[in-house]
Structures are given as C-alpha cells and as structure tokens.
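Trainee: Could you take me through one part of this model in detail? I'd like to see how the helices pack against each other and what the residues around that packing are doing.

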Amino acid sequence: MTTAKTVLVLCTGNSCRSQMGEAILNHELAGLVRAISAGTSPQPKVADGAIEALKQAGLPTDGLVPKTVEAVMDQDIDLVVSVCDNAKESCPIFPRPVKRIHIGFHDPHGEPLESFLAVRDDIRTRLVPAVRTALGL
C-alpha cells in the first residue's frame, strides 16, 4: 500500500477556499491524499458560508480551523496548491523542494451562501483533477 501524499492548500485567510479545498480533497481522494490547509495571513475563524457549503455537500467540517503556513512547515508536503493570487505571490520557501501549482478561485468571503456553493463546486470540478495530475494519481 502506498503512503498518502500530503497536499497543502494555501490561501491568504485560510477561511474559505483553502478550507473547502482541504475538505473536498480529503473526501474525493481519500487514501491517496492527506490534504491540509493554511494561510499566509489567517482569519480568526472559518467563514460560516464555507462551513455551510461543505455541510450541504455532506462533507465533514470538524477540525477545520485557520492556521498559519508556519504551523504546517515541518510536515512532509508533496504538493502546494495556491488557490488565490496573493498566496501564490507570497508563498513561503519550504525546508525542502516541493512541487507547486496555482489554481485561482473566486473569494466568496462576505457574499451570500450561493457564492460559497458555486466556489465549492468549482473547487471540486477543477482542484481534484489538477491534484491528481500533479501527483500522477
């Protein structure tokens, strides 16, 4: 059995897109990928809209909390996926070489639930296959 690859989903606030990406990747690629998320400047909490969008898709939300990228730096990360332009530009240097890809998603923060649902579906549609391809899964 192969060991799951660790994927870091990185954005600025770690409150919307990266949190949804973490939950979706952990569900869709269970056993193949262990997704974690972090932010370059994390918000105090995960956005209510992100939590509700994940719950409506039947995805678990327990344990989703914003964290700094420094909090995950010591993990063996196989792939970093930036999901916002700001995080792409300010992506830190990791202790060892790590593959990086960028897939930008609309920031639904402060918008109605419908925006979170649309971004959730966009993440599922574009992020999952991109991670599969980047990791050769």
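**Helix packing around H2**

Mentor: Read from one end of the sequence to the other, the protein chain runs β-α-β-α-β-α-β-α, which gives four helices and four strands. Keep in mind that this is a predicted model. Of the chain's 137 residues, 48% count as buried. Among contacts with a separation of 6 or more, 69% are between residues 24 or more positions apart.

Let's start with H1 and H2. Helix H1 covers residues 17-28 and helix H2 covers residues 48-56; they pack at an angle of about 20°, with their axes 9 Å apart. Angles under 35 degrees count as roughly parallel, so H1 is roughly parallel to H2. The crossing of these two helices is right-handed. On the H1 side you'll find Gln-19, Met-20, Ala-23 and Ile-24, and they meet Ala-50, Ala-53 and Leu-54 of H2. Sort that contact by class and you get six nonpolar residues, one polar and no charged ones.

Ala-23 deserves a pause. This residue sits in helix H1 and has a relative accessible area of 8%, so it is buried. Setting aside neighbours within four places in sequence, Ala-23 is in contact with Leu-54, Pro-60 and Leu-64. Take Pro-60: 37 residues separate it from Ala-23 in sequence, yet the two C-alpha atoms are 7.0 Å apart in space.

Now turn to the other partner of H2. H2 and H4 pack at an angle of about 60°, again with axes 9 Å apart. That angle makes H2 oblique to H4, and the crossing is right-handed here too. From H2 come Gly-49, Ala-50, Glu-52, Ala-53 and Gln-56, which meet Leu-113, Phe-116, Leu-117 and Arg-120 of H4. This contact divides into five nonpolar, two polar and two charged residues. If you want residues that turn up in both packings, look at Ala-50 and Ala-53: they are listed for H2 against H1 and for H2 against H4.

Arg-120 is the one to zoom in on next. It lies in helix H4, residues 113-135, and with a relative accessible area of 10% it counts as buried. Leaving out residues up to four places away in sequence, Arg-120 touches Met-20, Ile-24, Ala-53, Gln-56 and Ala-57. Two of those, Met-20 and Ile-24, are among the H1 residues that meet H2, while Ala-53 and Gln-56 belong to the H2 side of the contact with H4. As for polar partners, the Arg-120 side chain makes a polar contact of 2.9 Å with the side chain of Asp-121.

One last stop, just ahead of H1. Asn-14 is in the loop between strand E1 (5-11) and H1. At 0% relative accessibility, Asn-14 is buried. Its side chain makes a polar contact with the side chain of Ser-18, at 2.8 Å, and another polar contact, of 3.0 Å, joins it to the side chain of Ser-37. Not counting residues up to four places away in sequence, Asn-14 touches Gln-19, Ser-37, Ala-38, Gly-39, Val-65, Pro-66 and Lys-67. Gln-19 brings you back to where we began, as one of the H1 residues that meet H2.

Technical notes
Residues are numbered from 1 along each chain as its sequence is written. This is a predicted model: local features need pLDDT of at least 70, side-chain atom pairs count only at pLDDT 80 or more; totals for chains, interfaces and linings use all residues. Side-chain values use heavy atoms; hydrogens and water are left out. Axes are lines fitted to C-alpha atoms, for helices over the stretch in contact, and angles run from 0 to 180 degrees between N-to-C directions. Angles under 35 degrees count as roughly parallel, over 145 as roughly antiparallel, 65 to 115 as roughly perpendicular and the rest as oblique. A crossing is left-handed if the near helix is turned anticlockwise from the far one by less than a right angle, and right-handed if clockwise. Contact means heavy atoms within 4.5 Å. Ala, Val, Leu, Ile, Met, Phe, Trp, Tyr, Cys and Pro count as nonpolar, Asp, Glu, Lys and Arg as charged, and the others, Gly among them, as polar. Buried means under 20% relative accessible area, exposed over 50%, partly exposed in between (1.4 Å probe, protein chains only). A polar contact is a pair of N or O atoms within 3.5 Å; within protein, one must be able to donate a hydrogen and the other to accept it, and residues adjacent in sequence count only if both atoms are side-chain atoms.
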